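Work through these short exercises with the model open. Try each task before reading its solution.

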Amino acid sequence: MRAARFHAWGSAPVVDDVPEPVRGAGEVLVEITAAAVAHLDTTVAGGNFDLKPPLPYAGGVEGAGTVLECDADSGLEPGTQVMLRGGGLGLLRDGTWSERLSVPVKAVRRLESPLPPEVAATFFVPATTAFVALHDVARLGADEEVVVVGAAGAVGSMVAQQALLAGAKVTGVVGHADQLAGLPDGVHGVSLDSDDAARLAADRPASLLVDTLGGDGLVARTRWVRPGGRAVVIGYVTGTEVRVDLPSWLLDDVALLPVNMIRRERRAREIAGDLVKRLSAGELEVAVQRYDLADAAAAVADLRAGQVRGRAVLIP
């Protein structure tokens, strides 16, 4: 069978012919139908992360597939659609970038409702992060005005969609005007290169800001929030550091709230079932950019360059 593997740290993945996996006790043999290409995959492949699989290894910390073989007491049966995540996949052992894979049963989750393979492989992080950010961290109330920064991205789009479902008025902020077309229906779009962004600072309309960008501009964006509001910080794609002038921050009176999904992994698994049902019913959507397994190197390069709309996914 084929697998996309890294042979050296910092290199591009190469598609190799590899032996078929042999299922061990307590493992599930899965036919991979889609495999996510995540930022964590590129971080591990860089060689500077604390967790390192032995080289060469197949990337892929997330995926989806169909059960081929399993233990009788696993709670699964052949033909079941499953999501793959955890169990060291792509971190300590070969990941999902292959045609078939034998994985620990703890890394396998039966889906409560059927999903397209590319959605099953990619929904978990953006959908659960959005829910936790809005409901557990921000404690979103009725009739709020929410500004989502980076709303055309995978997580930002999910935040915007779920805020709309909760009854909020949502403004989605993107970097450039050509990204406005990628916003979910019902979201008022604003590009940072337009006069509308300046009006956000002047009017301070939001009760809640959800920011996926971070970086030097974070504090300025919190001033789009009215006094007494809060700013939830999810990501830092434009920078990992920010300077806070304490007197000005105290005067602005906007709370900065972090979203730590590593600590909330158990909560994410608790809420995933309902989110799967919403995705299956069409209430939520995940934007994906598909690549053949043979094009894994291109998918990784596009992700690193910020040229993927939504989430990248490999189709074996």
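**Exercise 1.** Which residues in H4 are buried (under 20% relative accessible area, 1.4 Å probe, protein chains only)?

Solution. The model is predicted: local features need pLDDT of at least 70, side-chain atom pairs count only at pLDDT 80 or more, and totals for chains, interfaces and linings use all residues. Residues are numbered from 1 along each chain as its sequence is written, and side-chain values use heavy atoms, without hydrogens and water. Helices are DSSP runs (H or I, at least four residues), as are strands (E, at least two), numbered from the N terminus.
- Buried in H4 are Gly156, Ser157, Met158, Val159, Ala160, Gln161, Gln162 and Ala163.
- Their cover includes H3, S9, S10, strand S12 (206-211) and H8.
- Just after H4, Gly167 has a positive phi of about 95 degrees.

**Exercise 2.** Find how H3 (residues 124-137) and H8 (residues 265-280) cross.

Solution.
- Their axes, lines fitted to C-alpha atoms over the stretch in contact, come within 9 Å and cross at roughly 105 degrees.
- The angle, taken between N-to-C directions on a scale from 0 to 180 degrees, makes H3 and H8 roughly perpendicular (65 to 115 degrees).
- Contacts (heavy atoms within 4.5 Å) involve Phe124 and Phe131 in H3, among others, and Ile271 and Leu275, among others, in H8.

**Exercise 3.** Give the strand order of the open sheet of 6 strands.

Solution.
- The order is S11-S10-S9-S12-S13-S14, with parallel pairing (at least two DSSP bridges between two strands).
- Strands S11 (188-191) and S14 (255-258) are the edges, each pairing on one side only.
- S9 (residues 145-149) and S10 (residues 169-174) share 5 bridges.
- Glu145 has Lys169 in S10 as bridge partner.

Key. Parallel < 35°, antiparallel > 145°, perpendicular 65-115°, else oblique. Buried < 20%, exposed > 50% of the residue type's maximum accessible area, 1.4 Å probe, protein only.
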